[in-house]
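Colleague: I'd like to go through this one with you and hear what stands behind the words you use. Can you put it up?

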Protein chains: 2
Amino acid sequence: MTEPAPDIVAAWVALATRSRRALDHAEAALKAAGLPGLAWYDALLELEKAGEAGLRPFELQDRLLLPQYGTSRLLDRLARAGLVTCAPCPEDARGQVMRITGEGRALRQRMWPVYAAAITSVFERLGRDEAGTLARLLGRIGP
Amino acid sequence: MTEPAPDIVAAWVALATRSRRALDHAEAALKAAGLPGLAWYDALLELEKAGEAGLRPFELQDRLLLPQYGTSRLLDRLARAGLVTCAPCPEDARGQVMRITGEGRALRQRMWPVYAAAITSVFERLGRDEAGTLARLLGRIGP
DNA sequence: TCCATTTAGATGCATTTGCATGTAATAGGC
DNA sequence: GCCTATTACATGCAAATGCATCTAAATGGA
């Protein structure tokens with residue numbers, strides 16, 4: 001294994017530390033407002049985008065980059081909180097269709113301003129074009 | 001709260017999803033090689049850099065962006081695994097000085113090639129200059 | 001000096017995660 | 001149709017995390 005170039009290592013360190021700080025900041029802002037964390041937000045958003053059709057747990061799993069058991073239990077908690085419903089799937093008797101409830105939509109809507117403020121504060125030192133460049137470069141990392 | 005610009009949201013989404021995938025990839029590579037995860041690597045590296053002087057737990061906590069109890073328990077596990085030692089601190093009877101052991105250094109050294117390969121694969125689609133730009137932009141995000 | 005405040009670190013308890021495995025249903029070869 | 005492999009999801013158990021709180025020592029007045 002040949003040593004990665006210094007620029008590569010620098011990019012890795014910056015990616016690891018800065019993303020962690022940014023995510024921690026958003027989590028903290030939500031918690032300080034007495035709201036659930038990012039995982040709940042992300043799940044609610046995906047389910048809201050899916051609309052009436054709903055989502056199968058395995059579809060949500062792909063979108064959220066969660067392990068299978070993580071998705072299963074997250075949905076269980078969301079359902080117990082009344083934020084999503086769980087219906088048997090007509091096309092596949094093994095599966096379910098999860099749909100967001102009105103309460104779920106309402107909660108996501110209350111979370112967004114807090115989340116948005118955190119996002120804004122993370123990028124406030126970057127110009128618009130710099131944010132675009134950052135997004136483009138991040139889009140090219142693998143694996 | 002005024003809505004963040006689309007470029008800002010795109011940068012946020014890219015940061016959250018790509019960093020997660022990259023970190024997951026490195027964790028998976030280490031695990032596949034039967035090695036401990038990134039948290040252990042990071043702690044061992046900081047302690048190795050600190051050398052004979054060692055580090056106080058609160059110093060490690062700052063460097064690793066961990067909560068206080070997280071650091072306390074991580075060090076406890078590292079010590080039980082024989083990778084670090086814990087000595088009373090001469091200047092402050094409340095505190096300790098943690099130092100890496102030979103075993104700890106050896107483990108970190110065995111982890112590095114695996115970790116380095118994962119890092120390389122994450123950035124393989126980026127040119128050297130692009131990696132530099134990415135590092136610079138990430139360095140400017142807050143808060 | 002004495003007391004209140006702050007700082008270093010540990011820890012009990014509840015929640016969450018990770019891992020392995022279990023159950024049930026679909027899909028694919030033959 | 002039948003048997004095997006695969007897919008969808010759940011779950012028991014151990015380990016890790018988050019939260020609040022505790023102890024002990026240092027610090028900073030008055």
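Colleague: How do the residues of the surface near DNA strand D divide by class?

Modeller: There are six nonpolar, five polar and eight charged. Nonpolar means Ala, Val, Leu, Ile, Met, Phe, Trp, Tyr, Cys and Pro, charged means Asp, Glu, Lys and Arg, and the others, Gly among them, are polar. Bear in mind that this is a predicted model, where local features need pLDDT of at least 70 and side-chain atom pairs count only at pLDDT 80 or more, while totals for chains, interfaces and linings use all residues. Residues are numbered from 1 along each chain as its sequence is written, with chains lettered from A and ligands numbered from 1 in the order in which they are written.

Colleague: What makes a residue "near" a strand, and which come nearest to DNA strand D?

Modeller: Its C-beta atom, placed from the backbone, has to lie within 6 Å of the strand. Around DNA strand D there are 19 such residues, and Phe58(A), Tyr69(A), Ser72(A), Gly95(A) and Ala93(B) come nearest. Helix 3 (57-64) and helix 4 (68-80) of chain A, plus helix 4 (68-80) of chain B, each supply at least two residues there. Helices are DSSP runs of H or I with at least four residues, strands are runs of E with at least two, and both are numbered from the N terminus.

Colleague: And which residues come nearest to DNA strand C?

Modeller: Ala93(A), Phe58(B), Tyr69(B), Ser72(B) and Gly95(B), out of 19 around that strand. Two or more residues each come from helix 4 of chain A and from helix 3 (57-64) and helix 4 of chain B. By class, the surface near DNA strand C has six nonpolar, five polar and eight charged residues.

Colleague: Back to helix 4 of chain A: how do you know that its span agrees with the expected one?

Modeller: The expected span is 1.5 Å times one less than the number of residues. For the 13 residues of helix 4 of chain A that gives 18 Å, and the end C-alpha atoms are 19 Å apart, so the two agree.

Colleague: Which residues of helix 4 of chain A are called buried, and what earns them the word?

Modeller: Thr71(A), Leu74(A), Leu75(A) and Leu78(A). Buried takes 20 or more other C-beta atoms within 10 Å of the residue's own, exposed takes 12 or fewer, and partly exposed is in between, with C-beta atoms placed from the backbone. The four cover an arc of only 100° around the axis, which puts them on the same side of helix 4 of chain A. That arc is taken over the directions from the helix axis to the C-beta atoms. An α-helix has 3.6 residues a turn, so residues three or four places apart point the same way. The face turned away carries the exposed Tyr69(A), Arg73(A), Asp76(A) and Arg80(A).

Colleague: What covers the buried residues of helix 4 of chain A?

Modeller: The cover includes helix 2 (38-50), helix 3, strand 1 (84-88) and strand 2 (96-100) of chain A.

Colleague: How many residues of chain B are in contact with chain A?

Modeller: 47, and they meet 47 residues of chain A. Contact means C-beta atoms, placed from the backbone, within 7 Å. Helix 1 of chain B gives the largest share of its side, 17 residues.

Notes. Two residues are in contact if their C-beta atoms, placed from the backbone, lie within 7 Å.
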